[in-house]
Amino acid sequence: MPPLNPDQVAAIRQSVHDNFATQLAYTQELIRFGGQRGEESPVQDFVFDAFASRGYSPIKFEMDESQLSQHEGAGKFSPTHSHAPVVVGTHKPKAQCEGGKSLILNGHIDVVPLGPTDMWADDPYSAKIEGDRLYGRGAGDMRSGHAANIFALDALRRIGLQPASEVIIQSVPEEESTGNGTMMTHLKGYKADAALIPEPVHEQLVRANVGVLWFQVEVRGKPVHVRTMGTGVNAIDACWKVVGALRELEAEWNERHAKTRYFEEEKHPLNLNIAIVNAGDWASSVPAWCRIDCRIAITPGTTAKSAADEIEKKVADFARSDPSMSQNPPKITWNGFFAEGYTLEPGSEAENVLRKAHKQATGEELTTQTSTAYLDARVHSLYDKIPALVYGPISGDVHGFDEWVSIESVKRTTVAMALFIAEWCGVEKIE
């Protein structure tokens with residue numbers, strides 16, 4: 001497959017620019033849908049229609065709990081697991097072009113909770129624009145990238161070209177909690193020569209990525225009237241003792257894995273987050289129960305199972321040393337991510353093509369980063385055994401208040417994506 005010539009590069013760049021107002025308006029529509037965990041079906045219907053209108057013959061399929069539960073890399077189901085469908089569309093070339101390679105364009109449609117809405121400057125789903133920033137929950141993570149997947153393809157279509165190889169476009173829920181949306185695409189047999197995921201990673205390429213585990217710890221106490229609280233066992237106090245033991249494990253892991261390749265410069269990559277606390281029933285009763293939801297990271301090469309075993313052992317060993325907990329041990333429930341990390345080995349053809357596309361789009365050399373957050377690329381990397389390129393726009397306050405994405409960065413990365421698709425897949429004329 002011959003490389004793109006300068007005229008084609010210029011035409012693709014101009015096509016993205018000429019259609020960017022439409023892309024921006026579409027992205028705003030995605031943001032305004034909102035849709036917390038389990039509420040993504042309406043926005044997935046919208047995406048389905050967008051795929052269908054472009055001739056990508058989309059299909060929907062549900063999460064299959066029984067099938068997922070048999071895969072080592074699937075997240076654990078809980079009552080809050082989304083049942084919104086996965087949407088997949090496919091571009092088929094007229095004939096597979098010699099030298100062209102197939103591609104998965106993956107984007108997650110789910111977003112994280114808002115927190116207290118009075119701490120946002122505006123409606124969290126306003127999709128307002130101020131200067132170079134597009135605001136709203138999901139603006140960066142990752143509805144701007146989700147939109148860029150189809151608008152990069154649109155850029156080719158607008159100048160009479162299309163990929164000369166198969167392109168699979170995936171819109172998935174559950175990226176923020178289990179990774180099961182993309183895992184379902186793997187279990188359904190979707191496969192390509194490479195995957196591109198435009199997460200908001202500041203116009204860099206992710207070189208290595210942690211794995212993540214979610215779990216709950218529930219501690220039981222002995223309830224008594226507060227007037228005789230010394231005779232009871234406060235489950236909240238006891239639970240924070242367990243947190244102390246988990247903090248010891250966190251410190252041990254960070255010290256143990258300090259020299260893991262590509263993590264050498266990360267001061268504290270394996271973060272334990274005590275994220276949700278529920279406890280007690282009555283202000284004048286010593287609380288009989290406390291339950292915490294936790295998230296912790298692991299380095300590539302560490303299996304989720306071995307990490308889970310260490311956590312369970314740490315909690316069990318601590319409980320045996322405590323008089324009350326030794327009689328009533330804490331209960332651990334795995335209720336979300338059970339995912340291993342991955343490393344993108346340098347030098348792949350896909351990476352080289354992206355490097356060239358990024359330079360053509362931005363004038364800068366592509367740099368890399370190590371990500372200490374979860375990424376669905378691990379499914380493609382570990383189980384599809386293909387290069388998984390995570391590359392996307394500059395954003396800020398992701399998972400926080402007043403989340404935003406840089407509009408100009410979205411434009412630049414969309415140009416780079418369109419150039420990458422054209423060179424990786426090859427192009428053919430639309431007739």
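Let me start with a pair of side chains, those of Lys 128 and Glu 130, which meet in a salt bridge at 3.3 Å from N to O. I should say at once that this is a predicted model, and everything I describe is to be taken in that light. Glu 130 is partly exposed, at 45% relative accessibility, and together with Asp 122 and Lys 128 it is linked in a network of salt bridges. The structure holds 25 salt bridges, and I will go through two others.

The side chains of Arg 412 and Glu 203 meet at 2.8 Å, N to O. Because Arg 412 lies in helix H12 while Glu 203 sits in the loop between strand E8 (195-197) and strand E9 (205-209), this pair ties together parts that are 209 residues apart in sequence. Arg 412 is partly exposed, with a relative accessible area of 29%, whereas Glu 203 is buried, at 11%.

The other pair is Asp 317 and Arg 320, whose side chains form a salt bridge at 2.2 Å, N to O. These two residues are three apart in helix H8 (residues 304-320), and about one helical turn separates them. Asp 317 is partly exposed at 30%, and Arg 320 is exposed at 59%.

Now to the sheet, which is open and has four strands in the order E4-E5-E18-E17, with antiparallel pairing. Its edge strands are E4 and strand E17 (395-396), each of which pairs on one side only. E17 is joined to strand E18 (residues 404-406) by two bridges, and in one pairing between them Ser 395 has Val 405 of E18 as its bridge partner. Helix H5 packs on this sheet, where it touches E5, E17 and E18, and its direction makes about 50° with that of E18. Helix H12 also packs on the sheet, touching E4, E5 and E18, with its direction at about 55° to that of E18.

Both of those helices appear again around helix H2 (residues 20-33), since the elements covering the buried residues of H2 include H5 (139-157) and H12 (407-425), along with strands E4 and E5. Among the buried residues of H2 are Phe 20, Leu 24, Tyr 26 and Ile 31. The helix is followed by Gly 34, whose phi is positive, near 60°.

Finally, consider His 71, in the loop between helix H4 (65-69) and strand E2 (86-91). His 71 is buried, at 18% relative accessible area, and its side chain reaches the backbone nitrogen of Gly 73 at 2.9 Å. Beyond its neighbours within four places in sequence, His 71 is in contact with Met 183, His 186, Leu 187 and Tyr 383.

Conventions:
Residues are numbered from 1 along each chain as its sequence is written. This is a predicted model: local features need pLDDT of at least 70, side-chain atom pairs count only at pLDDT 80 or more; totals for chains, interfaces and linings use all residues. Side-chain values use heavy atoms; hydrogens and water are left out. Buried means under 20% relative accessible area, exposed over 50%, partly exposed in between (1.4 Å probe, protein chains only). Contact means heavy atoms within 4.5 Å. A polar contact is a pair of N or O atoms within 3.5 Å; within protein, one must be able to donate a hydrogen and the other to accept it, and residues adjacent in sequence count only if both atoms are side-chain atoms. Two strands pair if DSSP finds at least two bridges between them. Axes are lines fitted to C-alpha atoms, for helices over the stretch in contact, and angles run from 0 to 180 degrees between N-to-C directions. A salt bridge is a side-chain nitrogen of Lys or Arg within 4 Å of a carboxyl oxygen of Asp or Glu.
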